[in-house]
Amino acid sequence: MRVEESGFEIAQRQGAWVIRMWWPAGPITGGPQRVTIEQADDAPARDVARGISTTVLRRLDLAGAVKMAEERAPKGQEVMQELVEAMDLAGGTARHLLEQEGVSDAYLAVLASIYLAVSDTGAAAPVPWLAKRIGRSPETIKGHLKQARRDGFLTTVAGKAGGELTDKAKAVLDSRITAEPDA
């Protein structure tokens, strides 16, 4: 494993080839973001001349590399713990807003923001996670997220969790932060 400031790399040797997999710095949420295959320094010329075969690709131990990355990622677990704590706190904020203001613009903007943060971590089920922290059923949270999309706080990505915060959502969040600097 090779660590750099921007991320780290895990290499595997398969025959005449070295397969390098790169992850950015921070928590490991899935497979590598970059894979390169190069001839090994001591590779026999005849093996290199044949090129990369499907056998080399099939023998790539991606699951093993991900596991190693999760175990050895520099500060990865610390960063993940901090992220979980911050998202738990944000979930409490959303719950408080819902209890105090109902399904307001501020609540929808915060909900959309947390939903995207959870989705971006690669979590398999962001809606149940949100439901637990906000104290509502997953169906209710799905309804609130649909309303956030309808009301222009969150864009849609067909067929998968996530989207993007809209300028409207960012403006609501910015106004709440500047209006409540000590909150």
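**View 1: R95 and its salt bridge to E99 in helix α4.** R95 is partly exposed at 33% relative accessible area (buried is under 20%, exposed over 50%, partly exposed in between; 1.4 Å probe, protein chains only). Its partner E99 is partly exposed too, at 47%. The two side chains meet in a salt bridge, 3.3 Å from N to O (a Lys or Arg side-chain nitrogen within 4 Å of an Asp or Glu carboxyl oxygen). They sit four residues apart in α4 (residues 76-101), so about one helical turn separates them (helices are DSSP runs of H or I, at least four residues; strands are E, at least two; both numbered from the N terminus). This is a predicted model, with local features needing pLDDT of at least 70 and side-chain atom pairs pLDDT 80 or more, while totals for chains, interfaces and linings use all residues. Numbering starts from 1 along each chain as its sequence is written, and side-chain values use heavy atoms, leaving out hydrogens and water.

**View 2: the salt bridge between R20 and E9.** The closest N and O atoms of this pair are 3.5 Å apart. R20 belongs to strand β3 (residues 17-24) and E9 to strand β2 (residues 7-14), eleven residues apart. R20 is partly exposed at 26%, whereas E9 is buried at 10%. E38 joins both in a network of salt bridges.

**View 3: the salt bridge between D47 and R50.** Here the closest N and O atoms are 3.3 Å apart. D47 is partly exposed at 23%, while R50 is exposed at 64%. Across the whole structure, a search turns up six salt bridges.
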